[in-house]
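Here are my notes on the model you sent, set out as numbered points. Please read them with the structure open beside you.

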Amino acid sequence: MDDVDFREFVEVRYGDLLRTAYLLTGSRDMAQDLVQDALLKAMRHWRTIDDPMAYVRRSMVNERTSRWRRLGVRELLTAAVPDRSRPDSTEAVVLRDELLAALDQLPVRMRTVLVLRYWEDLSEAEVATTMGCSVGTVKSQAARGLARLRAVLRPTPVARPAIGGELMGDRA
């Protein structure tokens, strides 16, 4: 692979990488930094990389983990999301914000598993390879993460207003 191949890779995959990095970090600025750092590492070793997408993903996950360990703090999610080709409906924006807020409540490792497994649609084995852990760890982190998301995102029942002493819909 040569420099032209690298340039093409970046042009084609940058948007996908940025969205993944945003889901990993929760911040547009941190996501851009994460993608930039991963692409710089990939560029240095471009001629020896067999699977560029896997290499860059792994680099992003490793860098995200290193930053999290160094900082020891959690970032706040912002309302801004990476640019998309078409605007979302208000409902979709609200749902995405709720999901991102719920993801932000998860530990970094659990969040990483969910992003790679369900957003990137990687197999459990690919996620394990990318994160440098066992398939069993991926399975348990995914199960626990989904359970936590369900608990946080579970809609609360809304009581219907009473009419004439009866609840709506309970009339004979």
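1. Is Lys41 buried, partly exposed or exposed? This is a predicted model, and in it Lys41 has a relative accessibility of 30%, so Lys41 counts as partly exposed. The partner of Lys41 in a salt bridge is Glu63, with 3.4 Å between the closest N and O atoms. Because Lys41 belongs to helix α2 (residues 28-44) and Glu63 to helix α3 (residues 52-71), the pair ties together parts that are 22 residues apart in sequence. Glu63, at 14% relative accessibility, counts as buried, the cut-off for that class being under 20%.

2. The overall architecture gives the setting for the remaining points. The protein chain contains seven helices and two strands, and along the sequence these elements follow the order α-α-α-α-α-α-α-β-β. Of the 172 residues of the chain, 34% count as buried. Among the contacts in the chain with a separation of 6 or more, 64% are accounted for by residues 24 or more positions apart.

3. How many salt bridges does the structure hold? There are five, and the pair described under point 1, Lys41 with Glu63, is one of the salt bridges. As general background, side chains of opposite charge can pair when their charged atoms come close.

4. A salt bridge also joins the side chains of Arg57 and Glu120, at 2.9 Å from N to O. Arg57 is placed in helix α3 and Glu120 in the loop between α5 (108-119) and α6 (124-131), so this pair ties together parts that are 63 residues apart in sequence. Arg57 counts as buried, at 10% relative accessibility, and Glu120 is likewise buried, with a relative accessible area of 14%.

5. Asp104 and Arg111 form a further salt bridge, in which the closest N and O atoms are 3.5 Å apart. Both Asp104 and Arg111 are buried. Elsewhere, Arg13, Asp16 and Arg19 are joined into one network by salt bridges that share partners.

6. The next two points concern helix packing. Two packed helices are described by the angle between their axes and the distance between the axes. Helix α4 (residues 90-104) packs against helix α7 (residues 135-153) at an angle of about 130°, and the two axes lie 10 Å apart. That angle makes α4 oblique to α7, and the crossing of α4 past α7 is right-handed. On the α4 side the contact is made by Glu98, Leu99, Ala102 and Leu103, and on the α7 side by Leu149, Val152 and Leu153. By class, the residues of this contact divide into six nonpolar, no polar and one charged; since Glu counts as charged and Leu, Ala and Val as nonpolar, the charged residue is Glu98.

7. Helices α5 and α6 pack at an angle of about 135°, with 10 Å between their axes. The angle makes α5 oblique to α6, and these two helices cross in a right-handed sense. Which residues meet here? From α5 come Arg109, Thr112, Val113, Leu116 and Arg117, while α6 supplies Glu124, Val127, Thr130 and Met131. The contact of α5 with α6 has four nonpolar, two polar and three charged residues.

8. Val108 deserves a look of its own. Val108 is situated in helix α5 and is buried, with a relative accessible area of 7%. How far apart are Val108 and Thr25 in sequence and in space? In sequence the two are 83 residues apart, whereas from C-alpha to C-alpha the separation in space is 8.8 Å.

9. The last point is one of backbone geometry. Most residues other than glycine have a negative phi, and most peptide bonds are trans. Asp121 has a positive phi of about 60°, although Asp121 is not a glycine. Asp121 is found in the loop between α5 and α6, the loop that also holds Glu120. The relative accessible area of Asp121 is 61%, and Asp121 is therefore exposed, whereas Glu120 is buried at 14%.

Methods
Residues are numbered from 1 along each chain as its sequence is written. This is a predicted model: local features need pLDDT of at least 70, side-chain atom pairs count only at pLDDT 80 or more; totals for chains, interfaces and linings use all residues. Side-chain values use heavy atoms; hydrogens and water are left out. Axes are lines fitted to C-alpha atoms, for helices over the stretch in contact, and angles run from 0 to 180 degrees between N-to-C directions. Helices (H or I, at least four residues) and strands (E, at least two) are DSSP runs, numbered from the N terminus. Angles under 35 degrees count as roughly parallel, over 145 as roughly antiparallel, 65 to 115 as roughly perpendicular and the rest as oblique. A crossing is left-handed if the near helix is turned anticlockwise from the far one by less than a right angle, and right-handed if clockwise. Contact means heavy atoms within 4.5 Å. A salt bridge is a side-chain nitrogen of Lys or Arg within 4 Å of a carboxyl oxygen of Asp or Glu. Buried means under 20% relative accessible area, exposed over 50%, partly exposed in between (1.4 Å probe, protein chains only).
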